[in-house]
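Hi,

Here is the structure I promised to pass on to you. Have a look at it first, and then read on for my notes on what turned up.

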Amino acid sequence: MDGGIGLRKIPKPALERLFIYYRLLLAADKNGEPVISSVEMGRRLDLDPAQIRKDLTYCGEFGKPRIGYRVDRLKDELKRILGLGEEKQAVLIGVGRLGMAIYSYPGFANFGLEITGLFDVDPTKVGLNLGKTTIRNISELGQFIKEKRVPLGIMTVPAADAQAVADTMVAAGICAIWNFAPVTLKVPDNINVRNEDLAVGLATLSFQLLQSGCPYLQKNDSEND
């Protein structure tokens, strides 16, 4: 097992699949399953077992022919490689409906993430408490990141404001940005950015619906009368 395996050495598609495998292993471990094969993993995830075996080579040699993987051992190794056991703080900028939904999501705790800072420009929101966290004015963002040494910023701000917010975070020393704004950010190469463009996702699904010939998209005769 190579303790020096790093995220940058794993292609992005494989990295995302590793998390899917980790989530499956969590469930298998909870169900008391000691061993699981790539064939069984592929059946549950609707993936090619050969692809699963290839992806898991990034974790070292764990599987045994015709036996499978030890669930607890592989789960722990994936947790280590993905950094899910490390406690991480994040700031969230833009406390609208999406921002509040993200802040309220309980699952982040399972992966070591705690949102410790909330920021907004709306004076009617600044000073309000969400749970144990007070919404701060965005003018305090840079200083908060520096003082708390926060590595991750989550942005749910309008596109017009996104680059300025990103610039503030980069200047304060942020290392990664999870961007929900519909805009391509310009940041230094050493800043990791994950874009979640909801409109692009919807456009993709819309196209796929049209291509699939979904009958619910077709008007019936009564609608044409």
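**Aromatic rings and the overall picture**

Let me start with one residue: Phe108 is buried, its relative accessible area being 14%. Please keep in mind as you read that this is a predicted model.

Where does Phe108 sit, and what does its ring pair with? Phe108 belongs to the loop between helix 5 and strand 4. Its partner is Trp178, in an edge-to-face aromatic pair with 6.0 Å from centre to centre and 70° between the planes. Trp178 is part of strand 8, residues 176–179, so this pair ties together parts that lie 70 residues apart in sequence. Unlike the buried Phe108, Trp178 is partly exposed, with a relative accessible area of 21%; the cut-off for buried is under 20%.

These two rings also have company. Ring pairs join Phe108 and Trp178 with Tyr105 and Phe180 into a cluster.

How many aromatic pairs are there in the whole structure? A search finds seven. One of them is formed by Phe19 and Phe111, again edge-to-face, with 5.2 Å between the centres and 70° between the planes. Phe19 is in helix 1 (residues 12–30), while Phe111 is in the loop between helix 5 (97–104) and strand 4 (113–120), so the pair connects parts that are 92 residues apart in sequence. Is each of these two rings buried or partly exposed? Phe111 is buried, at a relative accessible area of 17%, whereas Phe19 is partly exposed, at 25%.

Now for the chain as a whole. The protein chain holds nine helices and nine strands. Its C-alpha trace spans about 65 × 60 × 35 Å along the principal axes. Of its 225 residues, 33% count as buried.

Contacts across the sequence are worth a look too. Taking the contacts in the protein chain with a separation of 6 or more, 57% come from residues 24 or more positions apart.

Finally, the surface and the charges. The protein chain exposes about 14,000 Å², and 54% of that is supplied by carbon and sulfur atoms. There are 28 positive and 27 negative charges, and their mean positions are 6 Å apart.

If you want a place to begin in the viewer, try the loop between helix 5 and strand 4, where you will find both Phe108 and Phe111.

Best wishes

Terms used
Residues numbered from 1 in each chain as written. Predicted model: local features only at pLDDT ≥ 70, side-chain atom pairs only at ≥ 80, totals over all residues. Heavy atoms only, no water. Helix = DSSP H or I, 4+ residues; strand = E, 2+ residues; numbered from the N terminus. Buried < 20%, exposed > 50% of the residue type's maximum accessible area, 1.4 Å probe, protein only. Contact = heavy atoms within 4.5 Å. Areas by Shrake-Rupley, 256 points an atom, 1.4 Å probe, with all protein chains shown as cover. Lys, Arg positive; Asp, Glu negative; His and termini not counted. Charge placed at Lys NZ, Arg CZ, Asp CG, Glu CD. Phe/Tyr/Trp six-rings, centres within 6.5 Å; stacked < 30°, edge-to-face > 60°.
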